[in-house]
Amino acid sequence: MVEVMRKKLFIPGPIEVKADVLKEMSRPLIGHRSKEASDLQRGISSNLQKLMYTNNEILLSTSSGSGLMEGAVRSCTNKRAAIFSCGAFGERWYDMALANQVRADLFEVEYGNPIGGQMVKKALDCGKYDLVTITHNETSTGVMNPLPEIADVLRGYPEVIFCVDAVSSLGGVKIAVDELGIDICITSSQKCIGLPPGLSLCSFSQKAVEAARGVKYRGVYFDLLGLYEYKIKRDFQYPFTPSLSHMFALDSQLDSIIKEGLDNRFRRHKMMAERVQRWAKDNFALFPQEQFASPTVTCIKNTRNLNIAGLNRELGEVGFVISNGYGKLENKTFRIAHMGDMTLEEIEGLLSVIDNLLSSGGIQIYA
Ligand SMILES: *Cc1c(COP(=O)(O)O)cnc(C)c1O
């Protein structure tokens with residue numbers, strides 16, 4: 001067996017998972033066609049509807065979040081998709097569209113900047129598009145896009161399906177799905193929800209159902225309409241064997257999330273973010289425009305030219321790990337996640353260790 005050193009994860013997924021939630025994953029299994037499986041999913045749906053502020057149907061997939069992202073753009077685009085990107089995860093959605101022969105155009109802003117309402121309006125005004133994808137919280141740049149402003153624009157285009165990648169924000173920030181008119185809101189288990197990776201969840205509107213009915217080739221495993229219809233017909237069950245172990249853990253974790261109180265949970269994320277942002281500005285600089293800095297992950301400009309791998313080696317000695325910059329931002333930035341069940345005290349603990357390393361000259365600097 002591989003020996004793995006225990007390190008506390010300050011990376012934007014996977015995150016720390018509480019011991020009692022991990023324990024739920026070791027429960028004895030049940031049949032996925034049993035009444036218990038239906039009851040399990042019914043409970044999960046009802047609590048996820050609360051977390052997403054929606055009455056739309058909830059769908060789960062035994063995959064990471066990218067599975068449902070690919071499924072959404074493939075299953076629901078009839079004409080052409082407008083993909084808005086402010087970083088690596090926006091680009092991923094465009095690659096998925098192309099790889100599935102979905103007609104799509106990419107609209108990009110420079111890294112560190114948000115996607116604005118005007119940009120979306122300008123693209124939609126040409127009338128070519130019937131589906132829009134937005135990355136709510138761009139984990140690679142630490143930007144949270146202004147969903148309300150974008151949602152306001154989309155209200156003027158009722159024929160367009162509104163897809164949101166909320167993978168690194170749902171559960172850490174309020175996303176009022178119905179109020180915002182989001183048709184497909186997607187997240188993963190291993191970020192703000194606080195579970196191990198392996199499960200992806202989304203809301204699916206009636207409008208999205210109708211759009212998918214018009215699409216002939218939706219694939220099979222990530223056919224969102226297929227998942228939806230099966231679930232309706234078969235009492236909250238799924239066409240393929242889902243990860244029941246994740247579902248046990250999700251069921252229990254949703255109870256704790258609701259017990260914490262959604263507003264308390266969102267406030268805790270905000271407080272952690274403000275603390276890390278303040279620290280970043282005191283010691284380095286924020287990578288994103290400050291006004292759009294994410295409440296769940298802070299992307300920090302490496303203004304001191306630190307060796308980030310070296311920093312992580314030092315942190316590893318005390319049992320912590322943070323993230324290097326993503327893709328082309330590697331070493332130019334580094335990231336500290338503050339999501340899931342992380343507490344402000346834990347964040348303070350991490351920052352004081354880094355402070356000590358910085359003041360003792362314990363981190364190698366690039367020449
Ligand atoms: C992590 C992440 C993804 C990818 O999710 P997986 O669960 O790894 O497939 C997509 N979008 C954003 C914004 C993310 O943070």
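In strand β5 of this predicted model, T133 stands opposite C163 in β8, strands being DSSP runs (E) of at least two residues and helices runs (H or I) of at least four, numbered from the N terminus. Strands β5 (residues 131-135) and β8 (residues 161-165) pair in the parallel sense over five bridges, where pairing requires that DSSP finds at least two bridges between two strands. Local features need pLDDT of at least 70 and side-chain atom pairs count only at pLDDT 80 or more, whereas totals for chains, interfaces and linings use all residues. Residues are numbered from 1 along each chain as its sequence is written, and side-chain values use heavy atoms, with hydrogens and water left out.

Both strands belong to an open sheet of seven strands with mixed pairing, in the order β2-β10-β9-β8-β5-β3-β4. The edge strands, each pairing on one side only, are β2 (57-61) and β4 (104-108).

Around the ligand there are 15 residues, of which S64, S66, T139, D165 and K191 come nearest, a residue being near if one of its heavy atoms lies within 4 Å. Helix α3 gives the most to this shell, with three residues. Polar contacts, defined as pairs of N or O atoms within 3.5 Å, link oxygen atoms of the ligand to a side-chain N or O atom of K191 at 2.7 Å, to a backbone N or O atom of G65 at 2.8 Å and to a polar side-chain atom of Q190 at 2.9 Å. The protein covers 91% of the 380 Å² of accessible area that the ligand has on its own, as computed by the Shrake-Rupley method with a 1.4 Å probe.

How values were computed. Polar contact = N/O pair within 3.5 Å; in protein donor to acceptor, adjacent residues only side chain to side chain.
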